[in-house]
Amino acid sequence: MSENTKHVTYEDAGVDTAEGGRAVDAIKQMVKETNRPEVIGGIGGFGGLFSAAALKDMEDPILISGTDGVGTKLVLAQLLDRHETVGQDLVAMCVNDILASGAEPLFFLDYVAIGHIEAEHMAKIVKGVADGCKLAGCALVGGEMAEHPGVMRPDDYDLAGFTVGVVDRPKMIDPANVRPGDVIIGLPSTGVHSNGYSLVRKVIGIDGIVPGTPEAAAKRAELEQPLEELGGLSLADALLAPTRIYVKPVLELLRGGANVHAIAHITGGGITENLNRALAADVDAVVERDGSKMGWDVPSVITYISEHAELAPNEACKTFNMGVGLCFIVSAEDEDATVRALEAMGEKPFRVGTCVEGSGKVTYSDER
């Protein structure tokens, strides 16, 4: 070390530990509001504590975990300075995945990497995570806020999350039960959810724009203008609509005794690369489609982006959820009962397609 080296503090290096402490204080109450009876203690320790005593009542409890991020949707959130809902996206991407096995999410942890911590900003982000956990019925038992000066811009951040759930093995959903003749039922998405935003960013022209600049302000004003094609919504509102969390209707359906053969969460890769994950090896899915028109209503924002990107139908179905956020596969004789049960919960289910003999692939009715 040079003799001329001056005394340098952690704060001089760009890490504000005091503001980090204030951020933790700002989120304590919202985290507490997600607690389940199994939570032991609160945040602030070196690990989140969760009692597993209730699992002894299961015949063969299987723990199922899932992890994910929000992706480049965060670029849009940062440009628009809207951070309250991306945390729900984070929770949704994890808990909806483990639902595919019939698992109940038990607890969640988040990781926030940010250029510079500001307590108020962090509270907005974590509020979205806490809101998502309440919608999913899982506890936010901990997380990490990591300040990365010199690596990220002060207002830049990224989110990742992790959930653990449980299902009793005899009740676990297994795609091996899917048979030819089964019916695919969908629940609607709330829009683009959290996938396809690398394409979205190019279509709306925000790549390379730095938040806080005059160029960013002009683009923000443009994106916040209502559009007739979106039914009066702005692109900002439509594209930042948070990913829907399907936990409560799915668990209610399963606990009600519905004979569900498989469940698919439609995320990155769209219908084509997610529905196939819910198929037996000798079964294909035939999804209803006529050219660019699906067999159900597609959110206008997905149609808008697809048309402006000039996506062919197969490209669109491999990129976006096309309006279906979650799929159930049931036998044909159970279709009516499943639909009625979902409708009794206030859901709006629709038929996505049917299953035929095949090799585990997703096909489309207009191509057969």
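**Figure 1. Cover over the buried residues of helix H6 in a predicted model.** Helix H2 (73–80), helix H5 (197–204) and helix H7 (235–239) are among the elements that cover the buried residues of H6; contact means heavy atoms within 4.5 Å. Helix H6 spans residues 214–223, and Ala216, Lys219 and Leu223 are buried in it. Down the axis of H6 these buried residues fall within an arc of 65°, so they line one face of the helix; the arc is that of the directions from the helix axis to the C-beta atoms. Pro214 and Ala218, on the other side of H6, are exposed. Buried denotes under 20% relative accessible area, exposed over 50%, and partly exposed in between (1.4 Å probe, protein chains only). Helices (H or I, at least four residues) and strands (E, at least two) are DSSP runs numbered from the N terminus. This is a predicted model, in which local features need pLDDT of at least 70 and side-chain atom pairs count only at pLDDT 80 or more, while totals for chains, interfaces and linings use all residues. Residues are numbered from 1 along each chain as its sequence is written, and side-chain values use heavy atoms, with hydrogens and water left out.

**Figure 2. The open sheet of 4 strands and helix H3.** The strand order is E3-E6-E4-E5, with mixed pairing; two strands pair if DSSP finds at least two bridges between them. Strand E3 (61–69) and strand E5 (139–147) stand at the edges with a single partner strand each, so one side of each is left without a neighbour in the sheet. On average, neighbouring strands of this sheet are turned by 15° against each other, direction ignored. Strand E4 (residues 104–114) pairs with strand E6 (residues 157–168) in the antiparallel sense over 10 bridges, and valine 112 stands opposite leucine 159 in E6. Helix H3 (residues 86–99) packs on the sheet and touches E3, E4 and E6; its direction makes about 30° with that of E6. Axes are lines fitted to C-alpha atoms, for helices over the stretch in contact, and angles run from 0 to 180 degrees between N-to-C directions.

**Figure 3. Surroundings of glycine 66 in strand E3.** With 10% relative accessibility, glycine 66 counts as buried. Leaving aside neighbours within four places in sequence, glycine 66 is in contact with Cys94, Ile98, Gly161, Phe162 and Thr163. Serine 194 is 128 residues apart from glycine 66 along the chain, and their C-alpha atoms are separated by 16 Å.

**Figure 4. The open sheet of 6 strands and helix H11.** The strands follow the order E8-E12-E7-E13-E9-E14, and the pairing is mixed. Strand E14 (362–364) and E8 are the edge strands, each pairing on one side only. From one strand to the next, the twist averages 30°. Strand E7 (residues 183–188) and strand E13 (residues 350–357) run antiparallel and are joined by 4 bridges; glycine 186 stands opposite phenylalanine 350 in E13. Helix H11 (residues 335–344) packs on the sheet, where it touches E7, E12 and E13, and its direction makes about 10° with that of E7.

**Figure 5. Strand E8 and its pairing with strand E12.** In strand E8 (residues 260–265), 6 of the 6 residues are buried, so the strand is largely enclosed by the rest of the structure. E8 runs antiparallel to strand E12 (residues 324–330), with 5 bridges joining them. Alanine 262 stands opposite isoleucine 329 in E12.
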